[in-house]
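Student: I'd like a close look at one part of this model, with the strands and cysteines taken together. Could you walk me through it?

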Amino acid sequence: MPGRAVTTNVVSMTTSASLPAHSAPSASGDSVTDRLVSANRRYAAEFTDPGMDARPVLHVAVVACMDARLDLHKALGLELGDCHTIRNAGGVVTDDTIRSLTISQRALGTRTVILIHHTGCGLESLTEDFRHELEDEVGQRPAWAVEAFRDVDQDVRQSMQRVRTNPFLPHRDDVRGFVFDVHTGLLREIDPVT
């Protein structure tokens with residue numbers, strides 16, 4: 001953007017896909033969290049305050065799945081300070097997503113909402129039975145819905161509809177939904193009406 005100077009610092013952090021799912025200690029005895037905290041110390045040593053406030057420069061909020069394969073900033077060509085990023089399992093528009101979007105729009109000036117689901121999402125293999133299994137295991141039913149789905153395109157449409165009809169959101173006209181292909185990196189836009 002013209003007239004905008006942003007200083008960014010990039011720290012290379014090595015990760016290993018062969019690590020077990022739990023935070024097992026490394027050969028040096030450090031847990032995954034210990035390694036991340038160490039990486040943060042290296043990052044902070046070179047960090048320069050970019051002098052931004054909390055308002056996104058592009059006035060956009062991106063709602064996306066928490067899937068580790070989605071590098072949203074790279075995929076969308078975004079820089080630090082450009083957007084608010086709201087992530088959850090499936091990128092589904094839940095009550096908490098609406099809470100975040102309402103704060104984003106009303107208190108911090110965003111006007112555009114981009115929804116990003118993706119191919120091969122884990123929610124496609126779950127059902128609401130997941131909640132029942134949790135209840136059987138721990139003796140308490142979760143207050144939240146799994147929000148599982150079988151058709152990713154239809155789920156994007158449902159999420160767009162939830163944003164477009166929510167009375168708490170003052171900016172509901174610029175809402176677009178996409179499916180990110182985890183094999184090609186391309187976004188495919190979803191028509192809100194089939």
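Student: To start with, is Cys121 buried or exposed?

Tutor: Keep in mind that this is a predicted model. Cys121 is buried, with a relative accessible area of 7%. Its closest cysteine sulfur is in Cys65, 4.2 Å away, which is too far for a bond. A disulfide would need the two sulfur atoms within 2.5 Å, so the 4.2 Å between Cys65 and Cys121 doesn't qualify. Cys65 counts as buried too, at 4% relative accessibility. The tally for the structure is zero disulfides. As a reminder of what's missing, a disulfide is a covalent bond between the sulfur atoms of two cysteines.

Now for the strand that Cys65 belongs to. Strand E1 covers residues 60-65, and six of its six residues are buried, so the rest of the structure largely encloses E1. On one hand, E1 pairs with E2 in the parallel sense, over six bridges. Within that pairing, Val60 sits opposite Cys83 of E2. On the other hand, E1 runs parallel to strand E3 (residues 112-118), and five bridges join the two. Here Ala64 is the residue to click on: it stands opposite Ile116 in E3.

Zoom out a little and you get the sheet around E1. It is an open one made of five strands, in the order E2-E1-E3-E4-E5, and its pairing is mixed. The edges are taken by strand E2 (83-88) and strand E5 (187-190); each has a single partner strand, so one side of each has no neighbour in the sheet. On average, neighbouring strands in this sheet are turned by 25° against each other, ignoring direction. For the antiparallel part, go to strand E4 (residues 175-180), which is joined to E5 by four bridges. One pair to look at there is Phe180 with its bridge partner in E5, Leu187.

One more stop, since you may want to put a probe somewhere: the second largest pocket. Its volume is about 260 Å³. It is lined by 13 residues, and those closest to its centre are Thr94, Trp144, Ala145, Val146 and Glu147. By character, the lining of this pocket splits into eight nonpolar residues, three charged and two polar.

Terms used
Residues numbered from 1 in each chain as written. Predicted model: local features only at pLDDT ≥ 70, side-chain atom pairs only at ≥ 80, totals over all residues. Heavy atoms only, no water. 1 Å grid on protein atoms, 1.4 Å probe; cavity = no way out; pocket = protein on both sides within 12 Å on 5 of 7 lines; lining within 4 Å. Points joined across faces, edges and corners; volume = space filled by probe spheres on them. Nonpolar A, V, L, I, M, F, W, Y, C, P; charged D, E, K, R; others polar. Buried < 20%, exposed > 50% of the residue type's maximum accessible area, 1.4 Å probe, protein only. Pairing = 2+ DSSP bridges. Axes fitted to C-alpha atoms, helices over the stretch in contact; angles between N-to-C directions.
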